[in-house]
Amino acid sequence: MGKDSIKLTAPEISSLWTQYLFDTMSICFIKYALEHLEDEDIIDIYNLALEYSEKHVQKIQELLKGEDYPIPHGFTQEDVDIHAPRLFQDPFYLHYMYIMTLQGITGYALSLSTSIRLDIRTYYTECNREVTHLFDKTIDTLLTKGLFSRPPVITPPKSVDFVNQQSFLTGWLGKRRPLTAMEIGDITFNMNKMNLHVALKVGFSQVAQSEKVRQYINRGREISDKHIEAFDSIFREEKLNSPISWQSLVTNSTTSPFSDKFMMYQVQLSTQLAIAYYGTALSVTSRRDLALKYVTLTAELLRYAEDGANLMIDKKWLEEPPTASDRRALSKSLRVK
């Protein structure tokens with residue numbers, strides 16, 4: 001049986017559908033950025049990102065049409081005014097691309113791992129290669145321009161050791177053990193993501209047209225600020241350096257380059273990804289106080305994400321993701337006939 005006669009599985013459809021929304025969003029954001037960027041190195045990175053995203057959108061359309069599956073609406077030129085005044089300064093766009101490529105690396109790896117059909121596996125292997133190349137260029141540019149905030153370093157131990165006391169797990173009472181290298185890495189990564197959340201929400205709150213959307217984004221900024229402070233307090237206790245904030249890279253423009261729908265999707269996407277990364281960090285954290293903190297922060301993000309989804313539903317902005325057939329409804333319709 002040839003690959004063309006093998007139907008796409010639910011995970012394969014889901015990955016393509018999700019990527020289509022993300023890439024159409026990215027095209028809008030990148031085109032706006034390219035209208036304002038002045039740094040040639042950053043322009044080169046964004047031109048490459050635009051080339052990749054447009055190629056992905058075309059490929060996904062071909063794959064979904066081959067399945068007689070409707071093409072998602074996603075985002076179009078109606079969701080962006082590329083001629084609107086500059087909302088972010090050049091360095092912000094580098095930090096933004098850094099976080100987006102990090103998310104792309106993990107997202108494409110997951111899509112590849114859940115794909116069965118050969119052409120889909122080949123496609124996501126190529127996507128992984130592209131996003132890794134983009135990540136490398138972004139990191140190199142951040143380092144060259146002195147804009148990259150390096151994670152903390154640790155002193156190498158003198159020998160290999162094994163945990164021999166239950167106190168390794170403590171954290172609420174008594175002396176807390178130092179953070180492990182893995183815990184430091186997860187906190188650094190999550191702080192970087194939250195720094196992006198804050199900068200985006202500062203900018204979006206200035207330009208949102210709907211009062212409800214503005215209030216929701218401002219609430220999200222306060223949550224992100226609180227999470228950054230929670231992580232920063234842990235690093236201060238450990239005498240470790242924290243990533244720098246990016247919110248000063250937002251201009252004072254109040255003219256919106258993006259539709260409220262676009263901004264809500266971007267905020268929702270960032271929140272959902274933060275929940276996923278908190279879950280990953282929780283799974284490898286062995287200090288009880290840190291584990292509890294992740295549980296508490298995740299619960300807050302879940303409530304925020306649910307409220308955001310409800311707001312998008314009220315505004316008719318939330319596209320319904322691929323779902324299985326409703327067998328109960330089908331059965332009832334047959335009985336009525």
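Let's start at Ile217, a residue with a relative accessible area of 0%, which means it counts as buried. Keep in mind as you look around that this is a predicted model. Ile217 sits in helix 6. Setting aside residues within four places in sequence, Ile217 is in contact with Lys201, Phe204, Ser205, Val267 and Tyr304. There's another pairing to look for here: Gln268 is 51 residues away from Ile217 along the chain, yet their C-alpha atoms are separated by 9.9 Å.

Now zoom out to the whole chain. Its secondary structure is made of nine helices and zero strands. Read from the N terminus on, the elements simply go α-α-α-α-α-α-α-α-α. The chain has 337 residues, and 49% of them are buried. What about links between parts of the sequence that lie far apart? Take the contacts between residues at least 6 apart in sequence: 86% of these join residues at least 24 apart.

So what sits in the middle of the buried part? The largest nonpolar core holds 95 residues, and Tyr46, Phe92 and Tyr93 are the ones with the most contacts inside it. Eight helices each supply at least two residues of this core: helix 1 (10-36), helix 2 (40-66), helix 3 (90-113), helix 4 (118-144), helix 5 (181-207), helix 6 (211-238), helix 7 (260-283) and helix 8 (288-314).Tyr46 is a good place to see how the core is put together. Not counting residues up to four places away in sequence, Tyr46 touches Phe29, Ile30, Ala33, Leu34, Leu37, Tyr93, Tyr96 and Met97. One of these, Tyr93, is also among the residues with the most contacts inside the core.

Helix 1 is worth a look of its own. Its 27 residues reach 40 Å from the first C-alpha to the last, close to the 39 Å expected at 1.5 Å a residue. Of those 27 residues, 19 are buried, so helix 1 is largely enclosed by the rest of the structure.

Next, hop over to helix 3, where you'll find His95. Is His95 buried or exposed? Its relative accessibility is 5%, and buried means under 20%, so His95 counts as buried. Leaving out residues up to four places away in sequence, His95 touches Leu142, Leu147, Trp246 and Leu249.

For a contrast, follow the chain to Thr254, in the loop between helix 6 and helix 7. Thr254 has a relative accessible area of 58%, so this residue counts as exposed. Which residues does Thr254 touch, not counting those up to four places away in sequence? They are Gln206 and Val207. Thr254 also lies 8.9 Å from Ser205, C-alpha to C-alpha, with their positions 49 residues apart in sequence. You've met Ser205 before, as one of the contacts of Ile217.

Finally, take a look at the outside. The chain exposes about 17600 Å², and carbon and sulfur atoms supply 56% of that. Leu282, Leu292 and Val295 make a nonpolar surface patch of about 220 Å². Val295 belongs to helix 8. At 43% relative accessibility, Val295 counts as partly exposed.

Methods: Residues numbered from 1 in each chain as written. Predicted model: local features only at pLDDT ≥ 70, side-chain atom pairs only at ≥ 80, totals over all residues. Heavy atoms only, no water. Core = buried A, V, L, I, M, F, W, Y, C linked by side-chain atoms within 4.5 Å. Buried < 20%, exposed > 50% of the residue type's maximum accessible area, 1.4 Å probe, protein only. Helix = DSSP H or I, 4+ residues; strand = E, 2+ residues; numbered from the N terminus. Contact = heavy atoms within 4.5 Å. Expected span 1.5 Å × (residues − 1). Areas by Shrake-Rupley, 256 points an atom, 1.4 Å probe, with all protein chains shown as cover. Patch = residues over 30% accessible without salt bridge, like charges linked within 9 Å, V, L, I, M, F, W, Y side chains within 5 Å. Salt bridge = Lys/Arg side-chain N within 4 Å of Asp/Glu carboxyl O.
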